[in-house]
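This report introduces a single protein chain to a reader meeting it for the first time. It proceeds from the chain as a whole to particular residues and contacts.

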Amino acid sequence: MKHGKATGPDNISVELIEALEDFGIGKVTHLLKFMTQGRFQQIYPSLYSLHCQRSLGATECEVHRTISLMSHITKILLNIIMLRIRNKIKPEITEEQCGFVEDKGTSNAIYILRTLIERALEVQKDVYLCFINYTKAFDRVRHDEIITQLKQLNIDGKDLRIIKTMYCEQTAAMRIENKTSTFQDIK
């Protein structure tokens, strides 16, 4: 994991885990085992949401953004789950998919699009593009549908339970100017 990242509600940094060496790895492993036995919510049920202005003096909600901070221990667990399910999900991803796929970033897609446009200009052909605005797309994800799709891919029940807990039973608190609200269910 990258160094220098802000900590979540537990205030445990990656640097602290690494500094503890084998002892830290042992404690993290113990926590991860505890979490995968269905006690995830008892340890890391929450995340902090930081409210940031996109531009100075912004007064409308649309010109603010929210950054969510989760525990680094939770990130380690989610990375482990992602690595375990990656091979089952890989056949479902189309060849054209760019972004969120290893070795296929959006810069690859931009390069391909630019090359197509340059070639079309050389032979004096029209190019038609359609851009879709996915504003707040991740706020509209139907988590129950994702869980159903993962079940159909035969993802391990324990991993499914953790993913479901992470996305369907999470709580968050807002932190603004060093003041933190009470934790509330995310709806």
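## Overall organisation

Of the contacts in the protein chain between residues at least 6 apart in sequence, 55% join residues at least 24 apart. The model under discussion is a predicted one. Its protein chain has 6 helices and 5 strands, and their order along the sequence is α-α-β-β-α-α-α-α-β-β-β.

The protein chain comprises 187 residues, and 24% of them are buried. The chain exposes about 14400 Å², of which carbon and sulfur atoms supply 54%.

## Salt bridges

How many salt bridges does a search of the whole structure find? The search finds 3. One of them joins the side chains of D159 and R84, with a distance of 2.2 Å from N to O. This pair links distant parts of the chain: D159 belongs to helix α6 (residues 157-168) and R84 to helix α3 (residues 72-89), and the two residues are 75 residues apart. D159 has a relative accessible area of 2% and is therefore buried, since the cut-off for a buried residue is under 20%. R84, by contrast, is partly exposed, at 45% relative accessibility.

Another salt bridge is formed by the side chains of R114 and E118, at 3.3 Å from N to O. Both residues lie in helix α4 (residues 106-122); because they are 4 residues apart there, about one helical turn separates them. R114 is exposed, with a relative accessibility of 56%, whereas E118, with a relative accessible area of 40%, is partly exposed. A salt bridge also connects the side chains of K104 and E95, at 3.4 Å from N to O. E95 counts as exposed, its relative accessibility being 63%.

## Packing of helices α5 and α6

Helices α5 and α6 pack with their axes 10 Å apart and at an angle of about 170 degrees. Because angles over 145 degrees count as roughly antiparallel, α5 is described as roughly antiparallel to α6. On the α5 side, the contact is made by H143, I147, L150 and K151. On the α6 side, the contributing residues are L160, I163, K164, Y167 and C168.

The loop between α5 (143-152) and α6 contains N154. This residue is not a glycine, yet it has a positive phi of about 60 degrees. N154 is exposed, at 57% relative accessibility.

## The surroundings of H72

Is H72, a residue of helix α3, buried or exposed? Its relative accessibility is 1%, so H72 counts as buried. Leaving aside residues up to four places away in sequence, H72 touches M1, K5, A6, T7, I12, S13 and V14.

Helix α3 thus holds both H72 and R84, the residue whose salt-bridge partner is D159 of helix α6.

## Helices α1 and α2 and a nonpolar patch

Helix α1 (residues 14-19) includes L16, a residue that is partly exposed at 41% relative accessibility. Together with L20 and F23, L16 makes a nonpolar surface patch of about 290 Å².

Helix α2 (residues 21-43) includes E21. Although E21 is not a glycine, its phi is positive, at about 50 degrees. E21 is exposed, with 57% relative accessibility.

## A109 in helix α4

Helix α4, which holds the salt bridge between R114 and E118, also contains A109. With a relative accessible area of 30%, A109 is partly exposed, because this value falls between the cut-offs of 20% for buried and 50% for exposed residues. A109 and C98 are 11 residues apart along the chain, and their C-alpha atoms are separated by 6.3 Å.

Technical notes:
Residues are numbered from 1 along each chain as its sequence is written. This is a predicted model: local features need pLDDT of at least 70, side-chain atom pairs count only at pLDDT 80 or more; totals for chains, interfaces and linings use all residues. Side-chain values use heavy atoms; hydrogens and water are left out. A salt bridge is a side-chain nitrogen of Lys or Arg within 4 Å of a carboxyl oxygen of Asp or Glu. Buried means under 20% relative accessible area, exposed over 50%, partly exposed in between (1.4 Å probe, protein chains only). Contact means heavy atoms within 4.5 Å. Accessible areas come from the Shrake-Rupley method with a 1.4 Å probe; for residues, only the protein chains shown count as cover. Patches are made of residues with over 30% relative accessible area and no salt bridge: like charges are joined within 9 Å, nonpolar side chains (Val, Leu, Ile, Met, Phe, Trp, Tyr) within 5 Å. Axes are lines fitted to C-alpha atoms, for helices over the stretch in contact, and angles run from 0 to 180 degrees between N-to-C directions. Angles under 35 degrees count as roughly parallel, over 145 as roughly antiparallel, 65 to 115 as roughly perpendicular and the rest as oblique.
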